[in-house]
Each structure stands twice: as C-alpha cells, then as structure tokens.
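Please open the model in your viewer and keep the sequence panel beside it. The tour below moves from one selection to the next and says what is to be found at each stop.

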Protein chains: 2
Amino acid sequence: METLSAATVADPVELTRALVDIESVSGDEERITDVVEAALRGAGHLAVERDGNVLLARTELGLGKRVALAGHLDTVPIADNVPARIDGDVMWGCGTSDMKSGTALALHLAVTLADPRYDLTYVFYDCEEIEAERNGLNRISRTRPEWLAADFAILLEPTYGEVEAGCQGTMRASITTTGVRAHAARSWLGSNAIHAAGDALDRLRRYEARRVTIDGCEYREGLNAVRIAGGVAGNVIPDECVLDVNFRFAPDRSEADAEAHLREVFDGLDVTVTDSAPGALPGLADPAAAEFVAAIGRPARAKLGWTDVARFAAAGVPALNYGPGDPNLAHKKDERVEIPRIRTGAAALRRWLGR
Amino acid sequence: METLSAATVADPVELTRALVDIESVSGDEERITDVVEAALRGAGHLAVERDGNVLLARTELGLGKRVALAGHLDTVPIADNVPARIDGDVMWGCGTSDMKSGTALALHLAVTLADPRYDLTYVFYDCEEIEAERNGLNRISRTRPEWLAADFAILLEPTYGEVEAGCQGTMRASITTTGVRAHAARSWLGSNAIHAAGDALDRLRRYEARRVTIDGCEYREGLNAVRIAGGVAGNVIPDECVLDVNFRFAPDRSEADAEAHLREVFDGLDVTVTDSAPGALPGLADPAAAEFVAAIGRPARAKLGWTDVARFAAAGVPALNYGPGDPNLAHKKDERVEIPRIRTGAAALRRWLGR
C-alpha cells in the first residue's frame, strides 16, 4: 500500500506536494483517505476512526479544553495541473491552495504534535467541492455530531495566512425557460426557450451585488450563472433551456432570506433551488475566537467563500478560517501556494497549540 | 429479412405506416434502406443501385424525357411518437409529415407504375435532417452526379398538397463567448462567459426577420438559437459559452451574403460558420416547372424549409416540392399527416405520370 514516509510528514511542504500528487477530485477520495488514515494510525498517540472517506483523529489527554482542526481532501477537477511543480518559493498544482496545503498542516501537526496544550480533534473529509448534500462533514455533522464536539475550531481553508471570520452562504438554483418546438425553417410557429433565457441573463448582467460589514468584516455577495444548457437539434426551435446560478450571500441573510431574494431577482421566471448551505456570522466576540486572533496577532477579516465553518457554527462551535493558500487562486488553472506561507502557518499553529 | 408485403406497397397509407414504424433517426438508416431496396428490386421493371444508404431506381424505357422523384429516409429524433397511430383520418408519428408519407408515394409509384409516361428516376437517401456534409443526396451529387440527371425533379417534402417552389438557404454558426475562470465566491476576479452570451441572445430577441417576394412567392427568413452550452462546475465562473444559431435565408441571398449578414448581426462577437446550404430560386419560368404546376392546378407558393431541391437546382435540374405532409407539423412531438392527402397525392402523381 502507498504510504507517506516519516520525513514527508515531518515537512509540511513535502507533505503538501505528496497530497497534491494523489489525485482526489470530489467523489474519488478513497485513495487519499487510505494514505492519510495510515499516517494517522502510525502516529500512536491518536484515536482514529473512519466513516466512508471521513477520518477522525483525537488526542485523549483530559486537558479540559478541545480545539478542532479540519480540512477537506478533495479538489475541483484537474486542469492539466497535477503533479505539483515547485519553482523557487512557489508550488503549482491543483489543490495547492484549496486546500491541500492547509490539510497538510493539520496532518503534519496530528502526527508530530504528541504533547499539545489543548486536546485536539482532527477531521479530514470528502466531497467539499460539490453539492452540499454529499459533503462529508455535512454527513458526519448529522450522523456523528459528537465528532465535531470542541470548544473552538479552525478550518484550514485558504486565507493567505490571514484570520478569516465566518463565511458567506451559497445557494444554487435552476432557472428553466420553456417554449414550443418547431422546425427552424418556420420558427414563428414555435417559441424559442433559449431566447427566453436571455431575460434571465440580462438580469444577471444588471445585478448589483451587495456589500455588507458585520463585526468589522466586509462581506461581498455575488450572483452568477454557472451552467447553461438548451437545444434539441440543429434545425429545431428548442423548447427548454436550463440556467444554473450560484448565489453567494452575506451571513446576515438566512437561507430563507437568500431564496426570497433570488425569487425576487428572477420574478416571473421558473426558479428551483437545488442546493444551499447557510453562512456563518463572524462571531468575533467569542472568547475562544478572540484568543486565536490575538495569538496570530492580526485583525480578522471576512471569509467570502463558503466554508464548513458554517457546520461548526451550526453545531455551536465557534470557528475561524486560517490557511496558507491564496483564496483568489482557488479553482484556477494556475492554482499555486507560496511555500513560505506553509512554513509560517505550521510554525504559528505549533506555537499556539504546543506547550 | 424484414420485407414489405405487396399489399402494403400497393396502399400508400399502409406503406407510410410501415415506413414510420421502421425507426430511422439520422445516422441509423441501414435497416429502412435494406427494406426499401428489397421492395425496389422486387419490382422487376427497375434498375436499382445502392451506395451506402442511398438508393437509385430507374426505368430505362427510352421515353426521351426523364422525371426524378426523391425522398429522404431519415427523421429527427423520436419523441415518444413511434410506432404510428391511426385515429380516424389522421396518422400520428415521427416522420408521418417529414417525410415518410412523401417517401411512401415515391416508393409506391416506383413499384406499381411499370408503364409511365416519362422515364422515371427514384432517389431515396439518408441524413437529411442533420449537417449538410453528411446528407446522402449531397454526397451523391458530388460522387455520382449522373444519378441526379433528369429534365425535372419533384422532391416529396411536406407541402400539404401544395406546389412549393425553390427553397430557403440554411446556415449554422457558433457564437463563442469567453471569460476568465474564478471561484464563484470571488466572482469579481473572473469574467462570466455565460453572462457575456446574453448580448448575443439580446440581438436574437431584437432581430427582425426579413420577408421577400420572388416570382410571386413570399419567402420568410428566421434567425434562431438552436443550442447553448456553457459551464465548468457549480462553483466556478465559466470561461466559455457556445451558442449555436441557425439562419434560414431567402434564395435572393447567396451563402456568402448570408454569412456577411450573420457577421453584421453579431458584430464584435466570435462567429464561426459551421454548416451551410444554399437556397434555390423558385424558377417558375421553366417549362417543366410550369407543366407540373398546371397539372396540379394550383398556384405555386414559396418553400420556406430548406430542401434538397437546392441540390437539383445546383445540378441544373428544375425542381419543386410537393408532398402530403403539413410542414408546420414537421419535427414536432405531435407530428401527423392527414390520410386523405396521402391518397390525393398518390392519385395526382399517378394521373400526371401514368399513361
């Protein structure tokens, strides 16, 4: 079986590279989960459990306070950018930023930090980059909520070394336009569903996204088409066109508020919400959150991408995002991470969590 | 092997039903071609040749004048409307109108009219409903032009029993919009190619199609989206969207004119012409055309749909459209043909072509 050497696990940069080189597009995480599980079990000081492609590793030192570190194992589809490539201080490749450099920090600490200041919980999970219902942490939060129990959680999503508070919600909806099929040579006998979708696209192009400041953090919303499909044949007026949109909303809107807003934007059109996940308010007043922010020594800012901090928040666990990747590079073909930020992140976490 | 009984071939209505029940979506005509070939060879008075899924059957009576009857064997995709269903005077099903009722007239005459007034050429061919380069008559017109030799041709496309002159041209083009991928949570870092396609859809919705009268026949143009596709993943700003349009143009425009017009309509956008076929002017001044129109006893009108009369016209053979189907029902889920029009068509052709 494929394993990570002790030297690889001991070096968070080499560990990042090794994780990137194990392709793990959402839905295909079996192999990377096997490798991470073997490394965790090899450490000796951790109680390890597995459920599907979700891994839990805990110290059981009776320290009275428990911190959770969590990271997902999957990536968006490969875009000709695996294996990882190092050029000077930069590592390029799918997942380098989102979020194998962060996941590597958690795995590195899990295996090498045997004597921590707080009891620690590590969670590694699958299917974060696709629809919420398949998300491994979502599943576990329903079936094994005790796995998430902690006083405070850090999700190692890319933040470029900043502390990012809360997160925006995300909602996907399909806008379906219909028409009447006809032969394209006599188009006036039909009604073109693709032309009708132009109305929805016009609304998207005119849409002015809101910006809102909460606890000093500015959230910036966005409403975008992510897929469109319509057409029957090259000589047929199409009778259906489906436009999928993704709405990213600030955490002052609930999912119900977000849906109402979408329905207002697309008033008169056929809207079906297909997927959603709530945001999380920044919660910076919480003492545990404040302690971590103080330890990093930099002010928190808003997390724009949806992250699973929302699942910890829903379980009553204050949570922040902190990771070495640059969120602006996530999901891009030229995704990359600055290697010094991996080392800085590992050192900062070890300083805070070690004795 | 599957065959048509003599009784079926002798009854153009039963023959229509039998042909509809042999599914023959474009690209899948082997089976129907086998059946039609066997019927033609069984007639005895015809010289039959086959090239792929194109069939030629000719009388060789030395009558000095030759008339061609042509029909395609394929249909658009089945829409839960096969096998054929007869309800009173109406036969429902895919291809009943376009154009198995017309093709049945040609096959019925080919087998049963052994002693015609003119020498006759029958052509049955494949792939008419898809891109022009796969069209069987197009292929044959290049590789075996002698098969199309005639003094006059009738294409049995649906005209609802009217004589329809010439045909409109058709051109397909792809309009590609591009953008920049980004995570949907930070959409302002990308550029949305689907939103950009809204501009092209707006132009289509604003487009005012031209009407033009030639030789007393009114042609009516149309410009329509027939397919749209874009999107990478549910959380990615898409970097490409492709919109396919179909332009139906009056025969006073050449293909070059039509392309120039498309490029003007979509000025500033990335336009690629993917497929085109010229129109055919009505040519009603030609004596052979006039003779047929007089025999039917009704004035000719414009053919709006593109038909392979353009291929006969390009080969110097005057050609008209005449068939029992209703062109307004072609390619629709509720496609159907009025049974009396099949019988009227068979009788009219037999009157004109018989002795």
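Which side chain of chain B meets the side chain of A:Asp202 in a salt bridge? Select A:Asp202 together with B:Arg205: these two side chains form the salt bridge, with 2.6 Å from N to O. Keep in mind throughout that this is a predicted model.

**The interface**

Widen the selection to the whole interface of chain A and chain B, across which the rule finds 2 salt bridges, while the count of residue pairs in polar contact, both at pLDDT 80 or more, is 20. To see where these contacts sit, colour β10 (182–183), α6 (193–206), β13 (222–231), β14 (236–237) and β15 (240–249) of chain A, which are the elements that give two or more residues to the side touching chain B. The largest share of that side comes from β13(A), with 10 residues. If you select by contact instead, 56 residues of chain A light up against 57 residues of chain B. The two chains bury about 4,500 Å² between them, and 56% of this area is on carbon and sulfur atoms.

**The axis**

Next, superpose the copies: a turn of 179 degrees with a shift of 0.1 Å along the axis lays chain A on chain B with an RMSD of 0.1 Å. That is the relation of a two-fold axis. The same surface serves both copies, since 100% of the contact residues of chain A recur in chain B. To find the axis in the viewer, centre on A:Ala229, which of the residues of chain A comes closest to the rotation axis, its C-alpha being at 2.3 Å.

**Two helices of chain B**

Move to helix α3 of chain B (residues 30–43), whose 14 residues reach 20 Å from the first C-alpha to the last, close to the 20 Å expected at 1.5 Å a residue. Show the side chains of its buried residues, among them B:Ile32, B:Val35, B:Val36 and B:Leu40, and also B:Thr33 and B:Glu37. The buried residues of this helix pack against α2 (12–21), β1 (47–51), β2 (54–58), α4 and β6 (119–125) of chain B. Just beyond, α3(B) is followed by B:Gly44, which has a positive phi near 90 degrees.

Then select helix α10 of chain B (residues 339–353), where 15 residues at 1.5 Å a residue should span 21 Å, and the end C-alpha atoms are indeed 21 Å apart. The buried residues of α10(B) include B:Ile339, B:Ile342, B:Leu349, B:Trp352 and B:Leu353, as well as B:Gly345.

**Backbone stops**

Most residues other than glycine have a negative phi, and most peptide bonds are trans. The remaining selections depart from one or other of these.

- In chain B, go to the peptide bond from B:Val82 to B:Pro83, which is cis with omega near 5 degrees; B:Pro83 lies in the loop between β3 (66–72) and β4 (85–87).
- The peptide bond from B:Asp98 to B:Met99 is also cis, with omega near -10 degrees, and B:Met99 is found in helix α4 (residues 96–112) of chain B.
- In chain A, select A:Cys127, whose phi is positive, near 60 degrees; this residue is in the loop between β6 (119–125) and α5 (136–143) and is buried, with a relative accessible area of 5%.
- Finish at A:Tyr160, where phi is again positive and near 60 degrees; A:Tyr160 sits in the loop between β7 (152–155) and β8 (164–165) of chain A and is partly exposed, with a relative accessible area of 26%.

Methods
Residues numbered from 1 in each chain as written. Chains lettered and ligands numbered in written order. Predicted model: local features only at pLDDT ≥ 70, side-chain atom pairs only at ≥ 80, totals over all residues. Heavy atoms only, no water. Least-squares fit on C-alpha atoms with pLDDT ≥ 70 in both. Contact = heavy atoms within 4.5 Å. Helix = DSSP H or I, 4+ residues; strand = E, 2+ residues; numbered from the N terminus. Expected span 1.5 Å × (residues − 1). Buried < 20%, exposed > 50% of the residue type's maximum accessible area, 1.4 Å probe, protein only. Buried area = accessible area lost by both parts, 1.4 Å probe. Salt bridge = Lys/Arg side-chain N within 4 Å of Asp/Glu carboxyl O. Polar contact = N/O pair within 3.5 Å; in protein donor to acceptor, adjacent residues only side chain to side chain.
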